[in-house]
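Biologist: I would like a close look at one part of this protein, with enough of the surroundings to place it. Please keep the answer plain.

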Amino acid sequence: MSAPTTLAGWLAHCEKIHTKEIDLSLERTQRVRERLGIDFGVPVIVVAGTNGKGSTCAMLESIALQAGYRVGLYAKPHLVHFEERCRIDGRSVAAEDLLPHFEAVELARGELTLSIFEFTTLAIARALSQAALDLVILEVGLGGRFDAVNAFDGDCAVITSIALDHMEFLGPDRESIGFEKAGIMRAGRPVVVSDPVPPESVLGVAEKLGADLYLHGRDFRVSGDRQQWNWAGRSKRYNGLAYPALRGANQLLNAAGVLAAFEALQERLPIPAQAVRNGFALVELPGRFQVVPGAPTLVLDVAHNPHAVAALAENLDQMGFHPRTHAVFGAMRDKDIPAILARMAPMVDHWHFTDLPLARAASAAELAARHAELRLAGPGAVETATHADPRAALEAALSRADPTDRIVVFGSFYTVGGVLKDGLPRLGARHVG
């Protein structure tokens, strides 16, 4: 078989060579990594957690770029284009620039099969290892202990908030899930835990390994008021910081962990205070409580588990008055859909459920049926509708919305990505003009 000549061709090839999409094992990835000789040669920060990984990575990247460092970032999943997963100096790499790295992985794997996550992680890691960088940031996908990213040693690990998600793979409770996330720790190296109430399993792994544990509330802490905040670590302090440009109350926990990670690496990667201020002010991350200006107001959020949806609901509550809220929602079938619907129900007047282009996604009809079974009350008379795709759902919501209403698109990355695939929507409600 001739090698694919496009990124889409390579991704299709990756889906065929290993029958299981998720296959929790590090052995195959480690063996191919050794054959490829991947070595970063610069500080590596590995980020795991249930919620807050993407925001943490974006803030790490933004601050390091403002400090003048060349930064490589592996982020996942993507919203629209696969290339979003590999960023160098704050920009997604071109699809064609990834092709030689897919070819190299294919040649190196030999008789071994790799899942699509293992194959693509190795290809992106090779691309980052061959760029002239000062810092590499690697975002874990699922869990930590057996995620393909854990084939690479981090000089500093960051573990963000831990909540119930992917329980069929990671275990039934926070203690089990925390143990899996803690798998990214390395003996004697710093690990920052930005969850203020971490599971005991995380602390136990750190103690057993002899990792240098940075705990929120013990090794670093935050204070402040509505206008500004302060951070104090083991040896550094920042006062009068502006809140990060990423919206939401939970972002302060992520930002605190970011500063702890930079403190842990300060001898190898010194960061000026002005870079911290500029980095927080300029950070961007689509789909994380992203408020799009227009009429009606549009909110995009990839919250897809109860913990993240609770944060979304809290953030929506603090937005100010909107007469009605229209929700566009699509999610994978394995999510705790009843808990998600129940948490959002008190503020949603109209539900627009959407199909998603994956076999493991719940259909719009399934979501509507589940909503009906739960008999959930909303602010007023609740209406529901089903749609073939997220963009159609958004258009339908827009047709029902007044200029002063808001539309909230949330759930799977495919829900938000489906709305963004043709660019950022510019909304004009039916009564405008």
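Which backbone nitrogen lies 2.9 Å from a polar atom of the side chain of D195, in the case of I162 or another residue? Please start there and then work outward.

Modeller: This is a predicted model, and what follows is computed from it. The backbone nitrogen of I162 is the one in question, with a polar atom of the D195 side chain 2.9 Å away. The side chain of D195 also reaches the backbone nitrogen of V197, likewise at 2.9 Å.

D195 sits in the loop that runs from β7 (190-193) to α8 (200-209). Its relative accessible area is 7%, so D195 counts as buried, the cut-off being under 20%. Leaving aside residues up to four places away in sequence, D195 touches I159, T160, S161 and I162, together with R174 and H216. I162 therefore appears both in this list of contacts and, through its backbone nitrogen, as a partner of the D195 side chain, with contact taken as heavy atoms within 4.5 Å.

A second buried side chain, elsewhere in the chain, is that of Y74. Y74 belongs to strand β2, and with a relative accessible area of 1% it is buried. The residues touched by Y74, again without those up to four places away in sequence, are R85, F117, T120, T121, I124, L128, I137, L138, E139 and V149. Its side chain makes a polar contact with the side chain of K76 at 3.4 Å. For a sense of distance, Y74 and N250 are 176 residues apart in sequence, and their C-alpha atoms are 22 Å apart in space.

K76 also takes part in a backbone feature: a cis peptide bond joins K76 to P77, with omega at about -5°. P77 lies in the loop between β2 (71-74) and β3 (86-88). Another cis peptide bond joins A295 and P296, and there omega is about 0°. The loop holding P296 connects β12 (290-292) with β13 (297-301).

Two residues other than glycine have a positive phi and deserve a check by eye. Phi of D89 is near 55°, and D89 is placed in the loop between β3 and β4 (91-92). With a relative accessible area of 22%, D89 is partly exposed. Phi of F289 is near 40°; F289 is in the loop between α10 (273-282) and β12. F289, unlike D89, is buried, its relative accessible area being 7%.

As for the whole protein, it contains 15 helices and 17 strands. Its radius of gyration is 22 Å, close to the 22 Å given by the globule rule for 433 residues, so the protein is as compact as a globular protein of that length. The C-alpha trace spans about 60 × 60 × 40 Å along the principal axes. Of the 433 residues, 56% count as buried; D195, Y74 and F289 are among the buried ones. Of the contacts with a separation of 6 or more, 74% are between residues 24 or more positions apart. The accessible surface comes to about 17,900 Å², and carbon and sulfur atoms supply 50% of that area. Finally, the protein has 43 positive and 50 negative charges, whose mean positions are 2 Å apart.

Terms used:
Residues numbered from 1 in each chain as written. Predicted model: local features only at pLDDT ≥ 70, side-chain atom pairs only at ≥ 80, totals over all residues. Heavy atoms only, no water. Helix = DSSP H or I, 4+ residues; strand = E, 2+ residues; numbered from the N terminus. Rg over C-alpha atoms; globule rule 2.2 N^0.38 Å. Buried < 20%, exposed > 50% of the residue type's maximum accessible area, 1.4 Å probe, protein only. Areas by Shrake-Rupley, 256 points an atom, 1.4 Å probe, with all protein chains shown as cover. Lys, Arg positive; Asp, Glu negative; His and termini not counted. Charge placed at Lys NZ, Arg CZ, Asp CG, Glu CD. Polar contact = N/O pair within 3.5 Å; in protein donor to acceptor, adjacent residues only side chain to side chain.
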